[in-house]
Amino acid sequence: MHKRVMDTDTPAPAEDLMIAVERLVRYVRRSAVTGGLSTAASSALSRLGREGPQRLTELARAENVSQPNMTQLVTRMERAGLVRRTADHSDGRGVLVEATDEGLDVFRRRRTERADALRQLIDDLTEPEQRAVRVALPALARVIDDRHSRS
């Protein structure tokens, strides 16, 4: 495959970068097919896989959806065997949502599919572009984490 050389002398406008990020995210998300999950289910399962059990209200807030919508999503995921509701031992009335072993397996397989898709894209870049991506993406993730920790 022919690799296009990036023009590094002219910075891309923020809007062009945003379009590139959106295309990248869409491409990588579509590469994960295990479990046949919706975007919302994939996102919620990924959060539970990364962060562990959460109250339904916390999960809804983190995923930026209403509590009734998250309740419906969790019910569907529960029926599919991906999550379960358990008692919150810190609050006897509360309920936690956690990924099941099957849910964690689906989460890991989907993460591997996405990582493979990203790796294949990076492999098609020139060496300088590959280095730039390997520096820029973790740096952006760090800035996001820093902003979240301040808010």
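At 40% relative accessibility, Arg 111 counts as partly exposed. That label has cut-offs: buried is under 20% relative accessible area, exposed is over 50%, and partly exposed is in between, using a 1.4 Å probe and protein chains only. Arg 111 sits in helix 5, which covers residues 101–123. Helices here are DSSP runs of H or I with at least four residues, strands are E runs of at least two, and both are numbered from the N terminus. Follow the chain from Arg 111 to Ala 32 and you cross 79 residues, yet their C-alpha atoms are separated by 7.3 Å.

Before going on, a word about what you're looking at. This is a predicted model, where local features need pLDDT of at least 70 and side-chain atom pairs count only at pLDDT 80 or more, while totals for chains, interfaces and linings use all residues. Residues are numbered from 1 along each chain as its sequence is written, and side-chain values use heavy atoms, with hydrogens and water left out.

**Salt bridges**

Side chains of opposite charge can pair when their charged atoms come close. In this report, a salt bridge is a side-chain nitrogen of Lys or Arg within 4 Å of a carboxyl oxygen of Asp or Glu. How many salt bridges does the structure hold? There are 8. Here are three of them:

| Pair | Closest N and O atoms |
|---|---|
| Asp 88 and Arg 55 | 3.1 Å |
| Arg 85 and Glu 78 | 3.0 Å |
| Asp 105 and Arg 109 | 3.1 Å |

Take Asp 88 and Arg 55, joined by a salt bridge. This pair links distant parts of the chain, with the two positions 33 residues apart: Asp 88 is in the loop between strand 2 (83–87) and strand 3 (95–99), and Arg 55 is in strand 1 (residues 54–55). Is Asp 88 buried or exposed? Asp 88 counts as buried because its relative accessible area is 8%. Arg 55 has 24%, so this partner is partly exposed.

For the bridge between Arg 85 and Glu 78, the story is simple. Arg 85 is partly exposed, with a relative accessible area of 31%, and Glu 78 is partly exposed with 31% too.

Asp 105 and Arg 109 both belong to helix 5, 4 residues apart, or about one turn of the helix. Asp 105 is partly exposed at 34% relative accessibility, and Arg 109 is partly exposed at 43%. Elsewhere, salt bridges with shared partners tie Arg 47, Glu 51 and Glu 63 into one network.

**A nonpolar patch and a loop**

Which residues form a nonpolar patch on the surface? They are Met 18, Val 21 and Val 25, with about 220 Å² of accessible area together. Val 25 lies in helix 1 (residues 14–31) and is partly exposed, at 34% relative accessible area. Patches are made of residues with over 30% relative accessible area and no salt bridge, joining like charges within 9 Å and nonpolar side chains (Val, Leu, Ile, Met, Phe, Trp, Tyr) within 5 Å.

Now look at Asn 64, in the loop between helix 3 (56–62) and helix 4 (67–79). Its phi is near 60°, a positive value in a residue other than glycine. With a relative accessible area of 71%, Asn 64 is exposed.

**What the record says**

UniProt, in an unreviewed entry, lists residues 14–142 as "domain: HTH marR-type". In the model, that span is 70% helix and 9% strand, and its end C-alpha atoms lie 19 Å apart.

Methods
Areas by Shrake-Rupley, 256 points an atom, 1.4 Å probe, with all protein chains shown as cover. UniProt positions renumbered as here; feature names shortened; annotations may be inferred.
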